[in-house]
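Hello,

Here is the structure I promised to pass on. Please open it alongside this note; what I found follows below.

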Amino acid sequence: MSQNIVAALSAGKFKKLFVFVAAALMLSGCGQSSNEKASKDAAVKNEAAPVAVQQTIRVGSSADYPPFEYIDEHNKIVGFEIDMIEAVGKKIGVKFDIQNMSFDGLIPALKTGKIDAALSGMSATEERRKSVDFTKPYYFSDNLFIRKKGTDVNATNMHLKKISAQIGTLQESAAKSICGDLSVPAETVAAAILSLKAGKIDVVLTDSPIGYEYLKQNSDLEEFLKLPDGTEGFAVAFDKDKHLELIGKIDAAIEELKKSGKFDKMMEKYDLK
């Protein structure tokens, strides 16, 4: 065989070998790309998978309204409404984050979006319904008039006396309607009680359960009159048309708590029953 033929045959072998190696490398490369693509797709799928996040609702509350909400010895906001809303949260899968603020600032905070709900012994009224939505009422109260023992204040002469009520409450409006300019607004019911004990005012007007709570602690004070407050009762407030579905869920959860007897047990815990 001539050297030219050998050279040609050798060249052909090397050419075939080159093609084989190249094909093997391409197949190997394709295999790696498929694996990498599958891994990347899986990673993207995992990243895109929805993660269940518990909804958090910011709740404004004036924690100076025992037994509905107040600050205990551990500096924690507690009370009947706090227990109630926490029980509701467990039923509907919502976390309620309680924030302490002044009562007269609750509705403005709702309207500006600083909070999502107001929970503070707030009575549902037609006037308030113009700007907020309410759950169904869950507690009913009266207006309670408190005086110092031994004074001559009564239902017939209290229009001539200084009557104090917490700012922003229905009782503040009621006090103004009774004694006009003699009404004395107070930052809190506790502040009004202190003024009464100091002789600076003649009457404290407040919701009956709150008033009874302070009477337990002050033996020198007494109730002398109780009248219907003319409202629908206490309810949770939300900004207008913002949380209608949530309101329905809260109403249903409270109804379940009542049927199970847990609601009554909470009321008994705070001497509201």
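Phe80, Asp83, Met84 and Ala87 of helix α2 are in contact with Phe263, Met266, Met267 and Lys269 of helix α9. By type, the residues of this contact come to 6 nonpolar, 2 charged and no polar. Bear in mind that this is a predicted model.

Now the geometry of that pair. Helix α2 covers residues 80–92, and helix α9 covers residues 262–269. Their axes lie 9 Å apart, at an angle of about 155°. Angles over 145 degrees count as roughly antiparallel, so α2 and α9 are roughly antiparallel to each other. The crossing of α2 and α9 is right-handed.

Next, strand β8. Is strand β8 mostly covered or mostly open? Mostly covered: the strand spans residues 142–148, and 5 of its 7 residues are buried.

Which strands pair with β8? One is β12, residues 221–228. β8 and β12 run antiparallel and are joined by 7 bridges. To find this pairing on screen, start at Lys148, which stands opposite Leu221 of β12.

Another partner is β11, residues 203–207. This pairing with β8 is also antiparallel, over 4 bridges. Look for Leu144 here: its bridge partner in β11 is Thr206.

To recap, there are two places to look. One is the contact of α2 with α9, with 6 nonpolar and 2 charged residues. The other is β8, bridged to β12 and to β11.

Best wishes

How values were computed. Residues are numbered from 1 along each chain as its sequence is written. This is a predicted model: local features need pLDDT of at least 70, side-chain atom pairs count only at pLDDT 80 or more; totals for chains, interfaces and linings use all residues. Side-chain values use heavy atoms; hydrogens and water are left out. Buried means under 20% relative accessible area, exposed over 50%, partly exposed in between (1.4 Å probe, protein chains only). Helices (H or I, at least four residues) and strands (E, at least two) are DSSP runs, numbered from the N terminus. Two strands pair if DSSP finds at least two bridges between them. Axes are lines fitted to C-alpha atoms, for helices over the stretch in contact, and angles run from 0 to 180 degrees between N-to-C directions. Angles under 35 degrees count as roughly parallel, over 145 as roughly antiparallel, 65 to 115 as roughly perpendicular and the rest as oblique. A crossing is left-handed if the near helix is turned anticlockwise from the far one by less than a right angle, and right-handed if clockwise. Contact means heavy atoms within 4.5 Å. Ala, Val, Leu, Ile, Met, Phe, Trp, Tyr, Cys and Pro count as nonpolar, Asp, Glu, Lys and Arg as charged, and the others, Gly among them, as polar.
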